[in-house]
Amino acid sequence: MRFFLLLFFLSSASWAWDHHDWLTEASLRSLSLDEATAVYEPLDSALQRSGTGLSVRDTAGLIRHLKLNSHYVFENRLDENAGRGVFVKSVLAKYSDEPDWGADQDLFEPDQYPELWTSDTPYVSQKSGLGSQGFRHMYFSGKLNWWEPIGSIQIPQYAIGEAPARAQIYWDLSQALKRAGADYWAYRFLAWSLHYVQDLFQPFHSRQTPSKSFIEFRLMWWVIPSIDVEATGDQIAYYHLGYEAWVTRDFEHNPRLGEILEQASLPERAQLPIDVYLIENVVPFAASKASVLADSLVRVLPKPGALSGGKPKDAIGTDAWWKRVRVGEETSSLVETSQGLMEPLGKVTRFFVQSF
Ligand SMILES: [Zn+2]
């Protein structure tokens, strides 16, 4: 079993949502942070403040401490100027996307942190490129659900993936910077924490095999059915990426998803610490939506076709592909499932910002 699943994730994707900035912006719309600003200062000066309680005092040290790609540069995308204020909501929205900008990629290279690559890593990450950030952005619990014995089966049968731990690490970092009065970087790293929280609401990030209908079999030696690992991986990658493309387009054309995210129903019910909350609540919740999501996607997205020389996922987003994506009545269960994910995603995003 282990042998056949070894290649399982080689073709998987690892962006959960294309636009965390949109999700965060909509989630925070109902909070009265509109006028709040934080004064920008370079990261080095934030780290040199007294009272952070951190052992690292400069950007290079922080990158090593966090095991981020050593070539990563914390690029400013909001026209920040030292000494000038930036809207807190803008910092939270913009930089909730930042963990997808390369800091978590290609970490297994010899000049990075090769020790991060273990025998379990292939089940949650590719080795290089975009997919190599998978292990940081996903979490598979390893718990078998007896109502869905095939969909919930997992290799290995224990928890893999770092997303809850990463959410906690950045929460702690943002608290340390807040204590020292480095508000801009406190909010920027809070935004990083929100990224991992939001990733876990994507069922493809919370369950290794979202639906048994994605498992492809083939006959070995013409008689013994076995899992066709590569074809199964291709199916999962196709629906994973196809779903993200669909959500992004729906977000642009249909105000409903944004409205769902912004709903202001207090009190929110999430709890600290973040990592425990994610593992005990968010992951089982999102994983429980995986098979219904998968079934809806199979109805709405075109069948994954084998492109000559390419992977099924390569067709996603082309005009020809969009023409074959179903619209109208047939999307109702996909819309409903997505709304059912977005509502708690918005609530939990708000809760962690309010608890900050
Ligand atoms: Zn992510």
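Here are some short exercises on the structure above, each with a worked solution.

The model is a predicted one: local features need pLDDT of at least 70, side-chain atom pairs count only at pLDDT 80 or more, and totals for chains, interfaces and linings use all residues. Residues are numbered from 1 along each chain as its sequence is written.

**Exercise 1. Get an overview of the fold.**

Work out how many helices and strands the protein has, and what share of its residues is buried.

- Start with secondary structure: there are 15 helices and four strands. Helices (H or I, at least four residues) and strands (E, at least two) are DSSP runs, numbered from the N terminus.
- Next, burial: 45% of the 356 residues count as buried. A residue is buried if 20 or more other C-beta atoms lie within 10 Å of its own, exposed if 12 or fewer, and partly exposed in between, with C-beta atoms placed from the backbone.
- Then contacts, meaning residue pairs whose C-beta atoms, placed from the backbone, lie within 7 Å. Taking contacts with a separation of 6 or more, 77% are between residues 24 or more positions apart.

**Exercise 2. Look at helix 5 and its cover.**

Find which residues of helix 5 are buried, and what covers them.

- Helix 5 spans residues 88-95, and seven of its eight residues are buried.
- Those seven are Val-88, Lys-89, Val-91, Leu-92, Ala-93, Lys-94 and Tyr-95.
- The cover includes helix 2 (20-28), strand 1 (37-39), strand 2 (85-87), helix 8 (183-199) and helix 15 (332-355).
- Now zoom in on helix 2: its axis comes within 6 Å of that of helix 5, and the two cross at roughly 145°. Axes are lines fitted to C-alpha atoms, for helices over the stretch in contact, and angles run from 0 to 180 degrees between N-to-C directions.
- Asp-21, Thr-24, Glu-25 and Leu-28 of helix 2 meet Lys-89, Leu-92, Ala-93 and Lys-94 of helix 5. Sorted by type, the residues of this contact are three nonpolar, one polar and four charged. Here Ala, Val, Leu, Ile, Met, Phe, Trp, Tyr, Cys and Pro count as nonpolar, Asp, Glu, Lys and Arg as charged, and the others, Gly among them, as polar.

**Exercise 3. Describe two more helix pairs.**

Give the angle and the axis distance for helix 7 with helix 8, and for helix 13 with helix 15.

- Why these two values? Two packed helices are described by the angle between their axes and the distance between the axes.
- Helix 7 (residues 163-179) packs on helix 8 at about 165°, with the axes 8 Å apart. That makes the pair roughly antiparallel; the cut-offs are under 35 degrees for roughly parallel, over 145 for roughly antiparallel, 65 to 115 for roughly perpendicular, and oblique for the rest.
- On the helix 7 side, the contact residues include Tyr-170, Trp-171 and Leu-177, and on the helix 8 side they include Trp-185, Phe-189 and Tyr-196. The whole contact divides into 13 nonpolar, two polar and four charged residues.
- Helix 13 (residues 290-300) and helix 15 pack at about 145°, with axes 8 Å apart.
- Val-292, Leu-293, Ser-296, Leu-297 and Val-300 of helix 13 meet Ser-333, Leu-334 and Thr-337 of helix 15. That contact has five nonpolar, three polar and no charged residues.

**Exercise 4. Explore the largest nonpolar core.**

Find which of its 81 residues touch the most other members.

- A nonpolar core is a set of buried Ala, Val, Leu, Ile, Met, Phe, Trp, Tyr and Cys residues joined through C-beta atoms within 7 Å.
- The residues touching the most other members are Val-91, Leu-92, Tyr-187, Phe-189, Ala-191, Val-197 and Leu-200. Helix 8 gives the largest share of this core, eleven residues.
- Leaving aside neighbours within four places in sequence, Leu-200 is in contact with Tyr-139, Ala-163, His-205, Ser-206, Leu-278, Val-282, Val-283 and Ala-286.

**Exercise 5. Check the unusual backbone spots.**

Locate Lys-67, Asp-79 and Pro-273.

- Lys-67 has a positive phi of about 55° although it is not a glycine. Lys-67 lies in the loop between helix 4 (59-66) and strand 2, and is partly exposed, with 17 other C-beta atoms within 10 Å.
- Asp-79 has a positive phi near 55° and is found in the loop between helix 4 and strand 2. Asp-79 is exposed, with 9 other C-beta atoms within 10 Å.
- Pro-273 follows a cis peptide bond from Leu-272, with omega near -5°. Pro-273 sits in the loop between helix 11 (255-262) and helix 12 (274-288).

Notes: Contact = placed C-beta atoms within 7 Å.
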